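Take a look at the chain below. This report walks through a handful of its residues and the contacts they make.

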Amino acid sequence: KGELRMQSLTFDDAGMYQCIAENMHGIIYANAELKIVASPPTFEFNPMKKKILAAKGGRVIIECKPKAAPKPKFSWSKGTELLVNGSRIRIWDDGSLEIINVTKLDEGRYTCFAENNRGKANSTGVLEMTEATRITLAPLNVDVTVGENATMQCIASHDPTLDLTFIWSLNGFVIDFEKEHEHYERNVMV
């Protein structure tokens with residue numbers, strides 16, 4: 001296939017590689033540089049969010065994405081308790097922490113630890129639980145004669161500390177009320 005594969009790279013493998021393809025009509029060259037990167041984990045460019053919100057009874061994913069080469073091994077703690085995979089908690093291969101069926105007991109300080117053969121680092125964020133947003137009055141199916149007007153309602157309950165935005169779509173496409181103001185009208189009731 002004209003493919004060069006290298007395993008267990010070292011710094012000595014770095015350099016300019018050249019591929020030469022030749023047949024009876026001639027010869028052609030192509031060059032590529034191989035750089036070997038090695039660095040301890042660092043959260044300098046992508047720290048963990050300081051505040052993470054999770055809906056009660058919902059699912060939350062807390063990302064842990066340090067810069068590191070080679071890829072680090074990850075571990076997590078909540079306060080001083082080391083976390084392990086279980087029925088509600090899972091540590092993904094990319095370092096993210098997933099919690100399902102979030103409860104008030106899940107609130108607290110979460111720390112991601114990343115370690116490779118070059119060093120280690122950690123980053124911490126605080127998980128806070130909010131009340132889940134729920135549709136309390138969903139739009140109903142409506143039969144309307146051509147040329148008449150139709151009104152659809154949507155009412156939701158939400159955590160009072162968060163803002164709520166309603167987005168309407170038609171057949172999967174979000175309605176732009178500014179561009180289509182002659183056809184659609186939005187009324188917000190408080």
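E131 sits in the loop that joins strand 12 (119-130) to strand 13 (134-137). The model is predicted, so keep that in mind throughout. Is E131 buried or exposed? The answer lies between: E131 is partly exposed, because its relative accessibility is 39%. Its sequence-distant contacts are K56 and D159, once neighbours within four places are set aside. G57 is another residue to look for. The C-alpha atoms of E131 and G57 are 8.6 Å apart, although 74 residues separate the two along the chain.

**A buried asparagine**

Now move to strand 11, residues 108-116, where N116 is found. N116 has a relative accessible area of 10%. That value makes N116 buried, because buried means under 20%. What does the side chain of N116 reach at 3.0 Å? It reaches the backbone oxygen of S39. A polar atom of the same N116 side chain also lies 2.9 Å from the backbone oxygen of P70. The list of residues touched by N116 includes P40, P41, A68 and K71, with residues up to four places away in sequence not counted. S39 and P70 are on that list too.

**Salt bridges**

How many salt bridges does the structure hold? There are seven. Three of the pairs are set out here, each with its N to O distance.

| Pair | N to O distance |
|---|---|
| E128 and K51 | 3.7 Å |
| K65 and D94 | 3.3 Å |
| K104 and E107 | 3.3 Å |

Start with E128 and K51, whose side chains meet in a salt bridge. E128 belongs to strand 12 and K51 to strand 4 (residues 51-55), so this pair ties together parts that are 77 residues apart in sequence. E128 is partly exposed at 32% relative accessibility. K51 is exposed, with a relative accessible area of 52%.

Next come K65 and D94, joined by a salt bridge. K65 lies in the loop between strand 5 (60-62) and strand 6 (67-69), and D94 in the loop between strand 9 (89-91) and strand 10 (97-99), so the pair ties together parts that are 29 residues apart in sequence. K65 is partly exposed, with a relative accessible area of 33%. D94 is partly exposed as well, at 34%.

The third pair is K104 and E107. K104 counts as exposed, at 53% relative accessibility. E107 is partly exposed, with a relative accessible area of 25%.

Which residues are linked in a network of salt bridges? They are R59, R90 and E98.

**A nonpolar patch**

Charged pairs are one part of the picture. A nonpolar surface patch is another: L4, M6 and L9 make one of about 280 Å². Where is L9? L9 lies in the segment before strand 1 (15-23). L9 is partly exposed, with a relative accessible area of 42%. Patch residues need over 30% relative accessible area, so L9 passes that cut-off.

**The annotated span**

Finally, turn to the record. An unreviewed UniProt entry lists residues 41-128 as "domain: Ig-like". In the model, the span 41-128 is 53% strand and 0% helix. The C-alpha atoms at its two ends lie 27 Å apart.

Technical notes:
Residues numbered from 1 in each chain as written. Predicted model: local features only at pLDDT ≥ 70, side-chain atom pairs only at ≥ 80, totals over all residues. Heavy atoms only, no water. Patch = residues over 30% accessible without salt bridge, like charges linked within 9 Å, V, L, I, M, F, W, Y side chains within 5 Å. Areas by Shrake-Rupley, 256 points an atom, 1.4 Å probe, with all protein chains shown as cover. Salt bridge = Lys/Arg side-chain N within 4 Å of Asp/Glu carboxyl O. Helix = DSSP H or I, 4+ residues; strand = E, 2+ residues; numbered from the N terminus. Buried < 20%, exposed > 50% of the residue type's maximum accessible area, 1.4 Å probe, protein only. Contact = heavy atoms within 4.5 Å. UniProt positions renumbered as here; feature names shortened; annotations may be inferred. Polar contact = N/O pair within 3.5 Å; in protein donor to acceptor, adjacent residues only side chain to side chain.
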